Amino acid sequence: MRYLIPLLFLASPAAAWEFTPTPICTLTHTEASADVAVTYDHATGLYAIAVTSPSGWPASPAFSIRFDGPRSNIISTERHQTDGPTLTVSDAGFGNVLDGLEFNSTATAFTQTSAVTVSLDGAAEPVQQFRACTQALAA
């Protein structure tokens with residue numbers, strides 16, 4: 001039995017932040033509470049964050065994301081969209097979001113009636129790669 005316990009940890013998916021540069025700059029993370037995807041499209045110059053919750057996102061007039069840790073911050077907007085279980089925000093600038101992801105320990109995405117929290121452990125390096133990708137064609 002004691003040999004099976006380590007195997008269970010190997011078989012379960014690791015909750016890791018991952019960066020991919022193609023087809024657009026993408027930063028992703030999956031946990032039981034939510035899937036998070038941050039993208040930047042050089043063609044449109046837009047960043048987006050999509051938070052998919054198994055519980056869905058009821059209609060709400062505002063969306064916020066709170067970063068807890070050394071550089072705590074709360075960012076709010078009324079310019080969000082929901083599509084089934086996914087809530088998305090797009091904007092031309094995402095510096096505060098990227099700082100929040102890179103320099104804190106947790107992120108809580110929330111509306112007036114729903115919330116999900118994800119770990120930011122291991123996010124710093126993929127966020128740095130994402131930042132470099134977004135600036136690659138700008139130089």
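**Exercises: confidence, disulfide, cavity**

This is a predicted model. The protein averages a pLDDT of 89, and 87% of the residues score at least 70. Over residues 1-13, the pLDDT is below 50.

**Exercise 1.** Find what residues 1-13 touch beyond their near neighbours in sequence.

*Solution.*
- Take the stretch 1-13, where pLDDT is below 50.
- Leave out near neighbours in sequence; zero contacts remain in the model.

**Exercise 2.** Locate the disulfide and describe its geometry and setting.

*Solution.*
- Count first: the structure holds one disulfide.
- Identify the partners: Cys25 and Cys133, with an S to S distance of 2.0 Å. The cut-off for a disulfide is 2.5 Å, so this pair qualifies.
- Place them: Cys25 sits in strand E2 (residues 25-30) and Cys133 in helix H3 (residues 124-136). They lie 108 residues apart, so the pair links distant parts of the chain.
- Read the twist: -85° about the S-S bond, a left-handed link.
- Check exposure: both Cys25 and Cys133 are buried.

**Exercise 3.** Search the whole structure for cavities of 30 Å³ or more, then characterise the largest cavity.

*Solution.*
- The search returns one cavity at that threshold.
- The volume of the largest cavity is about 60 Å³.
- List the lining: Trp17, Val36, Ile49, Val51, Ile65, Leu101, Ala107, Ala109, Val116 and Val118.
- Map the lining to strands: E4 (46-52), E9 (106-110) and E10 (115-119) each supply at least two residues.
- Sort the lining by type: 10 nonpolar, no polar and no charged.

How values were computed:
Residues numbered from 1 in each chain as written. Predicted model: local features only at pLDDT ≥ 70, side-chain atom pairs only at ≥ 80, totals over all residues. Heavy atoms only, no water. 1 Å grid on protein atoms, 1.4 Å probe; cavity = no way out; pocket = protein on both sides within 12 Å on 5 of 7 lines; lining within 4 Å. Points joined across faces, edges and corners; volume = space filled by probe spheres on them. Helix = DSSP H or I, 4+ residues; strand = E, 2+ residues; numbered from the N terminus. Nonpolar A, V, L, I, M, F, W, Y, C, P; charged D, E, K, R; others polar. pLDDT = per-residue confidence, 0-100. Contact = heavy atoms within 4.5 Å. Buried < 20%, exposed > 50% of the residue type's maximum accessible area, 1.4 Å probe, protein only.
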